[in-house]
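The following account leads the reader through a protein structure, from its paired strands to its charged surface. Please keep the sequence and the coordinates at hand while reading.

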Amino acid sequence: MAFKLEREKTKTTPYILIDEEKGFMRFEGESYLEDVVGFFMEVNEWLEKYLATDCAELTFECAMEYFNSSTTKQLYNIMRAMDANASDKKMVINWIVADEDDDMLIECGEDYQEDMENLEFNIIIGNK
């Protein structure tokens, strides 16, 4: 049975959807909780196992409005794991920012994009 995880967003945590059957993951909202590592542990454990399988693809939509530096590290680690597997799997990141979001989120997406060497990285400015 394929793994599926859905967490509703709170004031300090993002909405998370993982649908293994569809090869899809989405984060949206804000992330500035204290225990970021603990919060993302289940996501990271699933991702490691999923990437070790013969999965064909994974699309990660990231539509965050705000995140702290600890979350930045978690997002980067997720993207690097995907990038490391992009030579034999289709890995896509859609970095989605609203028109009114400040340049920090756009610039952050551009910084991530520059660090990824193998996967498809799309910066989408517009509707979330």
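**Strands, salt bridges and a charged patch**

Strand S3 is mostly covered, six of its eight residues being buried. The model in which this strand is seen is a predicted one. S3 spans residues 24–31, and it takes part in pairings with S2 and with S4, which are taken in turn below.

On one side of the pairing scheme stands S2, residues 15–19, which is joined to S3 by five bridges in an antiparallel arrangement. Within this pair, Leu17 has Arg26 of S3 as its bridge partner. The two strands form a hairpin with four residues between them, and in this hairpin Gly23 adopts a positive phi near 65 degrees. Gly23 also serves as a reference point for a separation along the chain: it lies 33 residues from Ala56 in sequence, while the two C-alpha atoms are 8.1 Å apart in space. Ala56 itself is found in the loop between helix H1 (36–51) and S4. With a relative accessibility of 55%, Ala56 counts as exposed, because the cut-off for that class is over 50%.

The pairing of S3 with S4, residues 57–67, is parallel and comprises eight bridges. Two of the facing positions may be named here: Phe24 has Thr59 of S4 as its bridge partner, and Met25 stands opposite Phe60 of S4. S4 is largely enclosed by the rest of the structure, because eight of its 11 residues are buried.

S4 is in turn joined to S5 by six bridges, and these two strands run parallel. Thr59, already met as the partner of Phe24, stands opposite Val92 in S5. S5 covers residues 90–97 and is mostly covered, with seven of its eight residues buried.

Strand S1 (residues 4–7) contains Leu5. At 10% relative accessibility Leu5 is classed as buried, since the limit for that class is under 20%. Leu5 and Gly38 are 33 residues apart in sequence, and their C-alpha atoms are 15 Å apart in space. Another buried leucine, Leu75, is located in helix H2. Its relative accessible area is 0%. Between Leu75 and Ile125, which are 50 residues apart along the chain, the C-alpha separation is 19 Å.

The charged side chains may now be considered. Side chains of opposite charge can pair when their charged atoms come close. In the whole structure, a search finds six salt bridges. One of them joins Arg26 to Glu28, with the closest N and O atoms 2.6 Å apart. Arg26 is buried, with a relative accessible area of 10%, whereas Glu28 is partly exposed at 25%.

A second example lies in helix H2, residues 69–84, which holds both Arg80 and Asp83. These residues are three positions apart, about one turn of the helix, and their side chains meet in a salt bridge with an N to O distance of 3.4 Å. Which partner is buried and which is partly exposed? Arg80 is partly exposed, with a relative accessible area of 31%, while Asp83 is buried, with a value of 2%.

A further salt bridge links Asp88 to Lys89, the closest N and O atoms being 3.7 Å apart. Here Asp88 counts as exposed at 57% relative accessibility, and Lys89 counts as buried at 10%. Elsewhere, salt bridges that share partners join Arg26, Glu28 and Glu61 into one network. Arg26 thus appears both in this network and as the bridge partner of Leu17.

The account closes with the surface. Which residues form a negative surface patch? The patch consists of Glu107, Glu110, Asp111, Glu114, Asp115 and Glu117. Glu117 is placed in the loop between helix H3 (103–115) and strand S6 (120–125). With a relative accessible area of 65%, Glu117 is exposed. Its value also satisfies the requirement for patch members of over 30% relative accessible area, because 65% lies above that limit.

Terms used. Residues are numbered from 1 along each chain as its sequence is written. This is a predicted model: local features need pLDDT of at least 70, side-chain atom pairs count only at pLDDT 80 or more; totals for chains, interfaces and linings use all residues. Side-chain values use heavy atoms; hydrogens and water are left out. Patches are made of residues with over 30% relative accessible area and no salt bridge: like charges are joined within 9 Å, nonpolar side chains (Val, Leu, Ile, Met, Phe, Trp, Tyr) within 5 Å. Accessible areas come from the Shrake-Rupley method with a 1.4 Å probe; for residues, only the protein chains shown count as cover. A salt bridge is a side-chain nitrogen of Lys or Arg within 4 Å of a carboxyl oxygen of Asp or Glu. Lys and Arg count as positive and Asp and Glu as negative; His and the chain ends are not counted. The place of a charge is taken as NZ of Lys, CZ of Arg, CG of Asp or CD of Glu. Buried means under 20% relative accessible area, exposed over 50%, partly exposed in between (1.4 Å probe, protein chains only). Two strands pair if DSSP finds at least two bridges between them.
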